[in-house]
Structure formats: structure tokens, C-alpha cells
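Here are a few friendly notes to read alongside the model. Please have a look at the structure before going through the points.

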Amino acid sequence: MAINIIRFLKIALLFLCIQANGQVKPWSENLITIPEKSNYQKTSTYADVMHFIEAIKSKSDLVHLEFMGKSKEGKDIPLIIMANPKISSPKEAKDSGKPIMYVQGNIHAGEVEGKEVLQQLMRDILLGKKKHLLDNQIIIFAPIYNTDSNDKMKKGRRPSQEDSPVEVGIRANSQGLDLNRDGIKMEAFETQGLIQNVLLKWDPEMLVDLHTTNGTWHGYGVTYAPSYHYAGEKAPYDFTWNTMLPSIVKSIDKNYGVKLGPYGGYSLRQGWPTKAIYTYNHHPRYIVNQMGLRNKVGILSEAFAHDRFYKRMDSTYGFVAEILEFTNINGRKMAAINAKAEQDAIANVKQNAGKIKKGVRYKMVPLEEKFTLRTYDYLPFVNEEGYTKHIRSGKIIEIPNVENYSKFEAKVSSTLPRGYFLPKAMKQIADHLKKQGVEVIELKKSKRAVGEVFVVKSLKNASRKFEGHYMAILEGEFVPKTRTFKKGDYWVDMAQPLSNLIFYMLEPQSDDGLVTWNFFDAYFKNKGISEKPVIYPVFKYYKLK
Ligand SMILES: [Zn+2]
């Protein structure tokens, strides 16, 4: 009995201490998110998110709200800019000297953890225990990137999530486009908003894209991938992969008890225990990969689909919080690495144009170092037809020496040019490059340049439609040529910050360039490509005459 009384007093004292520290100060009801209110049965609608943002705004003077654009259905896509003191414009941000970190949720509107977690984090950063995250950085959140499809909720949309929450929205946006395949072609309203009004306007050092996986029963709460940008500068990748992510793997385990591992899946057809995991790919159509070509840091976050919703939210919260803890300390260093990458990209063009080759088509290979994979165990058995099958167990095991296929090696390379010329008739291409942030100059007088034309021998279109496109591949060869361009033609000098992205978009053999997405199909067909070779209309030059 006496012991019980002492225990009671201890607990009561602890409670009083917590109260005195202000740690459990109650939130007002409008600051409780929809999942929290519904025992994690529900996810928030667009209107819920907007109400939450309004509630936060009415209580904090450190937040500035703007919109990155409108969805097809006319919804404003909110962008929450958090800074201490408050910042309302990119100029103020620049003057403050603080680096900007950007995190977005709900790119796929069935994967809703990011949307909820960014609301919780807004609450904790602006009004709660995470205020210190604004000491050295500016944080921008886009909690509900895919607004329209979020609200088209239905049960059974994502079977791997086991109806937790019960109803979620649709993956594609309301134009039927996957927003995470749109980074090069920019057909979605959302992508245009992201590139124009976030990346180009605010110039964040880092983009974090929040998702939920679809399948593999690995043993991690969240998996990550850096920007796979093998045509870009290596330093931001090295920093992310060798310094940042290993540090967060440790801190998230310590502070949240969440296991964090590399993104990837395995195939049971290759036997068990598995010997390798495979990531997705390097294409800059994925916004995280494109960040590398923009000399910035990109991080993909994938919550483990099979965990219950509250668990997935907790793991995602831990990952985003620990990323922001890291950047709060190391953000300036990250910004310096990114700035140097930009200078290196420009210097590389100035020094090496016409001399070196860079990859335009890639294949996936394993990293040099193997790793220990955490995963659910499988039990192989031979079925009645004599085939080996696998049954998943409930036990998590560790498999040592697993190969990690998350490196990309060039299989086709092309000479780095000093720049490109486009004829006046290619206005649509010039405009598209400008929308991506590329500086394109309209010639006021003639320029003559030494370079190469690409003689296209064949244009092949995929037999199946992907994202509304029969994707194109050109085969042909480069032939030396000197050409003159006239007033009104377009000139792209590669000595500019986005040179790596320009190269990937304009090289005729690129596996994710403007050719890939059919920007030149009509031109080639008009010129009779099925009967005779046609010259690719973008001229690449090594030297001005
Ligand atoms: Zn996704």
C-alpha cells in the first residue's frame, strides 16, 4: 500500500512538472487534425487542410500563406512559408541569409501521410515544441499538392494500405496525370506551379517529396532515396547520401524508434533470402531526381504501406522532423555545396565543351558497398504443381551482404556542348525551356558556330501509351557542321546554372528529354522521317566563330 501511495505521488509530481514545463499545454480543437480526431479512420479533405491553415495563421505571426497555383478544378494550392521573423517574399528570404527547405505532401493523393504530418509539423514548429527549427532556416510546406484528387475519396483505393484510413483519394491529378512523371513535360497545372512558383521563385536548397510505398514487405518504417541525377553534379548527391542520410538513420532511430532504410524492392522469383534490392530509376521526370540536375538536394520519403495509418504518420513525421533538425544545423553548408555545384557546372561547360562526354541514357547497377537489409522473412515451399512459392512470415529478419541497385551508369554518352541554337520556328521549345527556368536569348543579329548536327535515321514511338504519350526514341549520328543562325533564332548558352538540365532536355538521344515526350514528333513526321534521314533541329555547338 505504502509503495502504491509513493508511486501515486511520483506520478502526480511528474504530471505537475510536465504541466509546469508547459509540455502538455492543450491545443485548441481547431488545431487537431482529422486523423487525430477520427482515431485515424479518416484523412483530411482540401477544406479541412485550409481550415487548419487558417487556424494556425490566426495564432502565429511567423507564417506567410501564398498559393503556388490553381488546380484544374480551380483549387488554390497552398504554400506555407514559415520563418522567424516572418518572411513574405523571396527578397526578404535572401536578405535574411537563411537557406530555404521545401517539403511537399500528397503528390499522389492516395498517399496521405505527408499531408497530415505537414499539418502536425506546422502546429509544432509555429506553436509547439519545434520552434527551434526556424532558428537557422526558412521552411516551406505544400501539404496538399494534389488538391483535386484528394477529395475523390473512396474505400479500397490502395489495397496495400489495408483501408487505413478507410477512404483515400486518387493517385493521378484531375487531368489524369501522374504528378511524379511530369517534371520534364510540365503538362500538369501543379507542376507548372511547383517549378515556377516554388523552385524558381523561392529557390529552395532541398525538396522532400512525401509518398507511401506500394508493395515490398521490407522491415523499415520509412525508406528514402536521394536525387539520382547521374548527369548532374555529384557533390549534392554525395552530401545527401554519405553525410545527411546516415546521420538521420541514427537520429530517427534514437528519437522516434523508427527504422529508416534505402528505398527498393526485391523479387521473390530470384529466390530467398534475397541477394539484391532494386530502386526505381534516374529519370528527371521524377521531381526528386530533377533536383540533382538543378544542383540541389532532393529526398524521396516512402512510408511503409502495410503499417497502420497512425504508424505511417508517426514514421513520416519522424523523418521530416529529423531532416529539418539536420538542415537547421547544416543548411548553410548544404547551400554552399549546392552553390559550388552550380559554379562547377558552369565552369565545366566553359572549360570542357567539345572535349568531354556525359551520359544521356543510363542503366541501373549496384553500389560498390553491400548492406544489411531489414525485411519480413519468407518461407519457401513447393506447391502441388511443383513450383516454388513463398509465404510471408510475421517475423522481421536481417539479411547481410545485400546488393543495392541504386547507381546509374551511362550506356550512351554525348559530347558536352558550349550551347545550343534553335531556329525561330521552334518557339514552342524555347518557351518550354524558359518555363523550366532556362535563359534563352532571341538573337538580335547573326551568329555563326562550329558544332555538330544530329542526323536522325529513325524515330521510334512506344507501342503503349504512357501518361498520354507514345514516348519517342531517336537513333542516328552526329556529324560535324558549321552553321549560321539569324535574327529571331534562339540561343541557349550552356554557361548558366541549369546547364545539366538543359543538356538532359535537349540532347537528341536523352532517355528523358524533350524528344522522349514527343516535342519533336510532328517536326520529324512533316520532314518525312519514315522515308529519309532528317536533321534534328536543335544545333549543338562547341565554339562561336
Ligand atoms: Zn507515391
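**Notes on strands, core and domains**

1. A good place to begin is a strand pairing: Met206 has Val297 as its bridge partner in strand 11. Met206 belongs to strand 7 (residues 206-212), which pairs with strand 11 in the parallel sense over seven bridges. Strands here are DSSP runs of E with at least two residues, helices are runs of H or I with at least four, and both are numbered from the N terminus. Two strands count as paired if DSSP finds at least two bridges between them.

2. Before going on, please keep in mind that this is a predicted model, in which local features need pLDDT of at least 70 and side-chain atom pairs count only at pLDDT 80 or more, while totals for chains, interfaces and linings use all residues. Residue numbers start from 1 along each chain as its sequence is written.

3. Strand 11 has another partner in strand 8 (residues 222-226), and this pairing is antiparallel, over five bridges. Here Tyr224 stands opposite Ser301 of strand 11.

4. Why is strand 11 (residues 297-303) largely enclosed by the rest of the structure? Seven of its seven residues are buried, so the surroundings largely enclose it. (Buried means 20 or more other C-beta atoms within 10 Å of the residue's own, exposed means 12 or fewer, and partly exposed lies in between; C-beta atoms are placed from the backbone.) Val297, Ile299, Ser301 and Ala303 point one way, Gly298, Leu300 and Glu302 point the other way, and all are buried.

5. The largest nonpolar core (buried Ala, Val, Leu, Ile, Met, Phe, Trp, Tyr and Cys residues joined through C-beta atoms within 7 Å) has 126 residues. Helix 10 (residues 309-352) gives the largest share of this core, 14 residues. Because domain 1 (2-350) and domain 3 (417-544) both contribute residues, the core lies between them. The residues with the most contacts inside the core are Met82, Ile139, Ile140, Val320 and Ile502.

6. For Ile502, contacts (C-beta atoms, placed from the backbone, within 7 Å) are made with Val438, Val492 and Met494, leaving aside neighbours within four places in sequence.

7. The domain assignment also gives domain 2 (364-409); such bounds come from an automatic or database assignment. The C-alpha centres of domain 2 and domain 3 are 43 Å apart.

8. Finally, Gly69 sits in strand 1 (residues 63-70). Gly69 is partly exposed, with 19 other C-beta atoms within 10 Å. Not counting residues up to four places away in sequence, Gly69 touches several residues, including Ile77, Phe189 and Asn197.

Conventions
Two residues are in contact if their C-beta atoms, placed from the backbone, lie within 7 Å.
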